[in-house]
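Hello,

Here is the structure I promised to pass on to you. Please have a look at it first, and then read my notes below.

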Amino acid sequence: MDERKEGQRGHAPADGAGMAAGDVAGLRVPAIQTGSPRVSPAVPDRGARRWGKAYTGLFQARGSRIEVPVKAFLVEVGGHRVLVDAGWSERCAAHPLRHLGFALWFASEPLLAPGEGIGPQLERLGVAPRDLDAIVMTHLDCDHASGLVDFAGAPRVVASGAEIERSEGRDVRYRRAFWEGVDLEAARLSEYGAAPFGRACDLFGDGTVTLVLTPGHTAGSMCVVARGRRSGPFALLVGDTGYNAASWDELRLPGPLFDADQMRRSLAWVRDMRSRPDCAGVFAAHDPAVGPGRYDL
Ligand SMILES: [Zn+2]
């Protein structure tokens, strides 16, 4: 038996390969696609263009843009229900320019049909905001945080302290209107040797959902490790700490970067996690190889 008490928050994750607790329920990961933006090829791979700011889409033919999916993940494990990222809001379908402001709209150019926002999609799954134990934000970029406007009053919205702090400054990549009225909770990160920067948070204190600090794309990006059974597989949920397998296999840097060295270290950690025999898969928000639907692991 795991001696940690259920309901405690912010514990150091269990040591060793497990990141796991007692033999709890299985693991389900519904992947919810909330449209797709058309972006510069330099967004997933900054090597695709020479200019370091090419990911903004400036001075490039709009016809050269590529579509990348935007997904949120509903993790159901150990009796918990956690939304990892919030994707695009339904408001982005109705009034994208007003919702995003010009700069983010120009760089992201969202393609989103009515009904594809995170709110209506969760509703169709029969999940109300109050049914969520937490919303975990891998980071606060617009394509992950836009949907927070659909969840005013959600019980817990968790991001890393570094990400929250950075978003409160002048960095134009953040649009605070998305989480106005939301009480962002800083994840209680503890020392954890197996994390790339030695910091992680056992969200429920039972080893089922572990938030791992993986900065680089942004100042405080996190990945989520979800595991149902002690001996069962784990799923690694990724925001932008890797867009697809080439990102982590070849350590390809994305266009938008906070720190290149941190990014490489975080990507190398994703690659190492992916190679473990108990890894059921890397579920990345923008990976076209991860289609929408429910994954039973
Ligand atoms: Zn993104």
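**What I found**

Buried residues account for 53% of the 297 residues in the protein chain. Please keep in mind that this is a predicted model.

Let me begin with the overall shape. The radius of gyration of the protein chain is 18 Å, which agrees with the value near 19 Å that a compact globule of 297 residues would have. Along the principal axes, the C-alpha atoms fit a box of roughly 60 × 40 × 35 Å. If you take the contacts between residues at least 6 apart in sequence, 71% of them join residues at least 24 apart.

Next, the secondary structure: the protein chain has eight helices and 16 strands. One open sheet is made of three strands, in the order β3-β2-β6, with antiparallel pairing. Its edge strands, each pairing on one side only, are β3 (66-67) and β6 (110-111). Strand β2 (residues 36-39) runs antiparallel to β3, and two bridges join them. If you would like to find one of the pairs on screen, look for Val 39, whose bridge partner in β3 is Ile 66.

Finally, a residue to look up: Phe 106, which sits in helix α3 (residues 102-108). Is Phe 106 buried or partly exposed? A residue needs 20 or more C-beta neighbours within 10 Å to be buried, and 12 or fewer to be exposed. Phe 106 has 14 inside 10 Å, so it counts as partly exposed. From Phe 106 to Arg 188 there are 82 residues in sequence, and their C-alpha atoms are 35 Å apart in space.

Enjoy exploring!

Best wishes

Note on methods: Residues are numbered from 1 along each chain as its sequence is written. This is a predicted model: local features need pLDDT of at least 70, side-chain atom pairs count only at pLDDT 80 or more; totals for chains, interfaces and linings use all residues. Two strands pair if DSSP finds at least two bridges between them. Helices (H or I, at least four residues) and strands (E, at least two) are DSSP runs, numbered from the N terminus. The radius of gyration is taken over C-alpha atoms; the globule rule is 2.2 Å times the number of residues to the power 0.38. Two residues are in contact if their C-beta atoms, placed from the backbone, lie within 7 Å.
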